[in-house]
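Work through the exercises below with the model open. Try each task before reading its solution.

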Amino acid sequence: AASDPDLVARAKAAKEALGGKVFVLGHHYQRDEVIQFADVTGDSFKLAKDAAARPDAPYIVFCGVHFMAESADILTGADQKVILPDLAAGCSMADMATFNQVEDCWDTLEDLGIADRVVPVTYMNSSADIKAFVGRRGGVVCTSSNAKRALDWAFEQGEQVLFLPDQHLGRNTAVLEMGYGLEDCVVYNPNRPNGGLTDDQLKNAKMILWKGHCSVHGRFSIDAVNEVRERVPGVNVLVHPECRNEVVTAADHVGSTEYIIKKLDAAEPGSSWAIGTELNLVQRLKNAHPDKNVMFLEKTVCFCSTMNRIDLPHLVWTLESLVRGEVPNQIVVDEDTAHYARVALDQMLALP
Ligand code: 13P
Ligand code: SF4
């Protein structure tokens, strides 16, 4: 649907009034009505780098979800304020690993005598206290665009990896990009004693995968891949690595949101693309490439409901509050947590 012209005008006016005082970051899953006001757009890696580059503005409005805004707060300057236009924009995957659960897991590894050889790696999609936990124990953060490099590095530091919280990104990277077998991966269930695993399973696994997943990407099925291949001859299946292993294995191309966009930019006119990621992005790609046959991989629509919470009314409210000198919805990570989370984030930014 087209954006409300009155709200568009208000957002424009407020942004103009703020001038260089505000910098808007927009994740690729954001609505078009919001993306049009972003100073930069990106996947979570690019947005972290953009925040770390310290845009010269006192207010950073982060159009994305909570863990991304936390990371931006950690990486930006002490005098900069990071704002999330709707505090309810969380990420169900990030919520699947709590600090206490991860501490309990680590205690289990210590009791088994293997904690010294396990390197914790957390996906960007995790809370700041999980990132800090990982930073305190010599681990690293990764995103969907550098997971292989992060795991290569981790396996130089130790013999096993505890991968938080997305089992699919961990498994897909290890199996499809690094040559490990499915049998090298075990899934640790935080709600079961010992993660639901035997001591030997924990000791022998190369990858101890946290039992977390993305509910949006979990919906893409192998049936949808088979169906589209039958219906559209020559179709290219392009999916995000948060999809299940069987889906990613059956796809032609796998990558982050930024990768998906670049792939489409480079695609031949007339080519067909079935895309397995969030719907706002697929819809935008469809509109941007009328000369290509771009379609959503599943039949049912799949927005990320929390990304979608940031809408034009919330953005207008945020910008107009800033014009009045009020700072709404500031995301502040406490200093101790920020320090150790920064250790793990800086390690990611320093990966070769
Ligand atoms: P990207 O890093 O690929 O943008 O992914 C972030 C995300 O939340 C995907 O669900
Ligand atoms: Fe989280 Fe999935 Fe939404 Fe990404 S798409 S923000 S992983 S719930």
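The exercises go from the overall fold to the ligand sites and then to one helix.

This is a predicted model: local features need pLDDT of at least 70, side-chain atom pairs count only at pLDDT 80 or more, and totals for chains, interfaces and linings use all residues. Residues are numbered from 1 along each chain as its sequence is written, and chains are lettered from A and ligands numbered from 1 in the order in which they are written.

**Exercise 1. Overall fold**

Describe the secondary structure, compactness and burial of the protein chain.

Step 1. The protein chain has 15 helices and 13 strands. Helices (H or I, at least four residues) and strands (E, at least two) are DSSP runs, numbered from the N terminus.

Step 2. The radius of gyration is 21 Å, close to the 20 Å from the globule rule for 352 residues, so the chain is as compact as a globular protein of that length. The radius is taken over C-alpha atoms, and the rule is 2.2 Å times the number of residues to the power 0.38.

Step 3. Along the principal axes, the C-alpha atoms fill a box of roughly 65 × 55 × 35 Å.

Step 4. Of the 352 residues, 49% are buried. A residue is buried if 20 or more other C-beta atoms lie within 10 Å of its own, exposed if 12 or fewer, and partly exposed in between; C-beta atoms are placed from the backbone.

Step 5. Among contacts with a separation of 6 or more, 68% join residues 24 or more positions apart. Contact requires C-beta atoms, placed from the backbone, within 7 Å.

**Exercise 2. Domains**

Find the domain bounds, then examine where domain 1 meets domain 3.

Step 1. The assignment gives domain 1 (5–90 + 307–334), domain 2 (94–214) and domain 3 (217–296). Such bounds come from an automatic or database domain assignment.

Step 2. The C-alpha centres of domain 1 and domain 3 lie 28 Å apart.

Step 3. 10 residues of domain 1 are in contact with eight residues of domain 3. The domain 1 side of this contact has three nonpolar, three polar and four charged residues. Ala, Val, Leu, Ile, Met, Phe, Trp, Tyr, Cys and Pro count as nonpolar, Asp, Glu, Lys and Arg as charged, and the others, Gly among them, as polar.

**Exercise 3. Three cysteines and ligand 2**

Where do Cys 91, Cys 214 and Cys 304 lie relative to one another?

Step 1. UniProt, in an unreviewed entry, places the feature "binding site" at Cys 91, Cys 214 and Cys 304. UniProt positions are given in the numbering used here, feature names are shortened, and annotations may be inferred rather than shown by experiment.

Step 2. These positions span 214 residues in sequence, yet no two of their C-alpha atoms are more than 9.5 Å apart, so they gather at one spot.

Step 3. Cys 91 lies in the loop between strand S4 (81–83) and helix H5 (99–112). Cys 91 is buried, with 23 other C-beta atoms within 10 Å.

Step 4. Cys 304 sits in the loop between strand S13 (293–296) and helix H14 (312–323). Cys 304 is buried, again with 23 other C-beta atoms within 10 Å. Not counting residues up to four places away in sequence, Cys 304 touches Tyr 29, Val 216 and Glu 278.

Step 5. Ligand 2 has 13 residues around it, and Cys 91, Met 93, Cys 214, Val 216 and Cys 304 come nearest. A residue is near a molecule or strand if its C-beta atom, placed from the backbone, lies within 6 Å of it. This shell holds seven nonpolar, four polar and two charged residues.

**Exercise 4. Ligand 1**

Which residues surround ligand 1?

Step 1. The shell is His 28, Asp 43, Ser 44, Phe 45, Asn 125, Thr 143, Ser 144, Cys 214, His 240, Glu 242, Ser 256 and Thr 257. Two are nonpolar, eight polar and two charged.

Step 2. A "binding site" feature in the unreviewed UniProt entry covers residues including Ser 44, Asn 125, Ser 144, His 240, Glu 242 and Thr 257.

Step 3. His 240 is in the loop between strand S10 (236–239) and helix H11 (245–250). His 240 is buried, with 28 other C-beta atoms within 10 Å.

**Exercise 5. Helix H6**

Is helix H6 (residues 128–136) enclosed or open?

Step 1. Eight of its nine residues are buried, so helix H6 is largely enclosed by the rest of the structure.

Step 2. The cover over these buried residues includes helix H4 (66–75), H5, strand S5 (118–123) and helix H15 (335–349).

Step 3. Just after H6, Gly 138 takes a positive phi of about 75°.

Technical notes:
Two residues are in contact if their C-beta atoms, placed from the backbone, lie within 7 Å.
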